[in-house]
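Please read the following points with the sequence and the model side by side. They go from one residue to its surroundings, and then to the chain as a whole.

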Amino acid sequence: MENNTIAFALTRLAIAASMFGHGLVRLPKLNAFSDWMVKSFEKSMLPGALVLPFSYILPLAEFAIGLLLILGLFTRTTLIAGAVVMIMLILGTTLIEDWGALASQLIHAAFFTVLLVFVRYNGFALDNLVRK
């Protein structure tokens, strides 16, 4: 097996574990997470009517993105979705001036985009079974 394929799989699984874990721990306490997020954005320019649905969708999106990346299923589309989620989080983070969270989100976005560049090395993935 080529080193690039192994490196891609390890990196894909690392970002997958992060996303899966974020979603997994938030899903059982979805209402509390939503309340926290809505409260965090009270003084931002974003209306609560946008923050509230996003606060419920985010943990589901994180969990789904993580799970699909673990499986290596729809990898290209999932990487794009992950990057879009990160862009939304980055925008929200800047609007509430939570500069401490920004670095982690930028790193996640970088991982999604780098993986997208090298998606041709996605060897250990269900995508390869689906294509056959």
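1. Does isoleucine 70 count as buried or as partly exposed, and why? The model is a predicted one, and in it isoleucine 70 has a relative accessibility of 35%. Buried would require under 20%, and exposed over 50%. Isoleucine 70 therefore counts as partly exposed. Its place in the chain is helix α3.

2. Isoleucine 70 should next be viewed together with its partners on the surface. A nonpolar patch is formed there by Leu13, Leu67, Ile70, Leu71, Leu126 and Leu129. Together these residues have about 460 Å² of accessible area. Helix α3, which covers residues 48-71, gives the most to this patch, namely three residues.

3. Helix α3 also takes part in a contact between charged side chains. The count of salt bridges comes to one. Arginine 26 and glutamate 62 form a salt bridge, with 2.8 Å between the closest N and O atoms. This pair joins distant parts of the chain, since arginine 26 belongs to helix α1 (residues 3-26) and glutamate 62 to helix α3, and the two are 36 residues apart.

4. Are the two partners of this salt bridge, arginine 26 and glutamate 62, buried or exposed? Arginine 26 has a relative accessibility of 19% and so counts as buried. The cut-off for this class is under 20%. Glutamate 62, at 3% relative accessibility, counts as buried because of that value.

5. The charged side chains may also be considered over the whole chain. There are 9 positive and 7 negative side chains. The centres of these two sets lie 9 Å apart.

6. The overall architecture can now be described. The chain contains six helices and zero strands, and its pattern along the sequence reads α-α-α-α-α-α. Along the principal axes, the C-alpha atoms fill a box of roughly 50 × 25 × 20 Å.

7. Two further values concern burial and contacts. Of the 132 residues in the chain, 36% are buried. Among contacts with a separation of 6 or more, 75% are between residues 24 or more positions apart. The salt bridge of arginine 26 with glutamate 62 gives a particular case of a link between distant parts of the chain.

8. The last point concerns the surface in total. The chain exposes about 7,800 Å², and 72% of this area is supplied by carbon and sulfur atoms. The nonpolar patch that includes Ile70 is found on the surface as well.

How values were computed:
Residues numbered from 1 in each chain as written. Predicted model: local features only at pLDDT ≥ 70, side-chain atom pairs only at ≥ 80, totals over all residues. Heavy atoms only, no water. Helix = DSSP H or I, 4+ residues; strand = E, 2+ residues; numbered from the N terminus. Buried < 20%, exposed > 50% of the residue type's maximum accessible area, 1.4 Å probe, protein only. Contact = heavy atoms within 4.5 Å. Areas by Shrake-Rupley, 256 points an atom, 1.4 Å probe, with all protein chains shown as cover. Lys, Arg positive; Asp, Glu negative; His and termini not counted. Charge placed at Lys NZ, Arg CZ, Asp CG, Glu CD. Patch = residues over 30% accessible without salt bridge, like charges linked within 9 Å, V, L, I, M, F, W, Y side chains within 5 Å. Salt bridge = Lys/Arg side-chain N within 4 Å of Asp/Glu carboxyl O.
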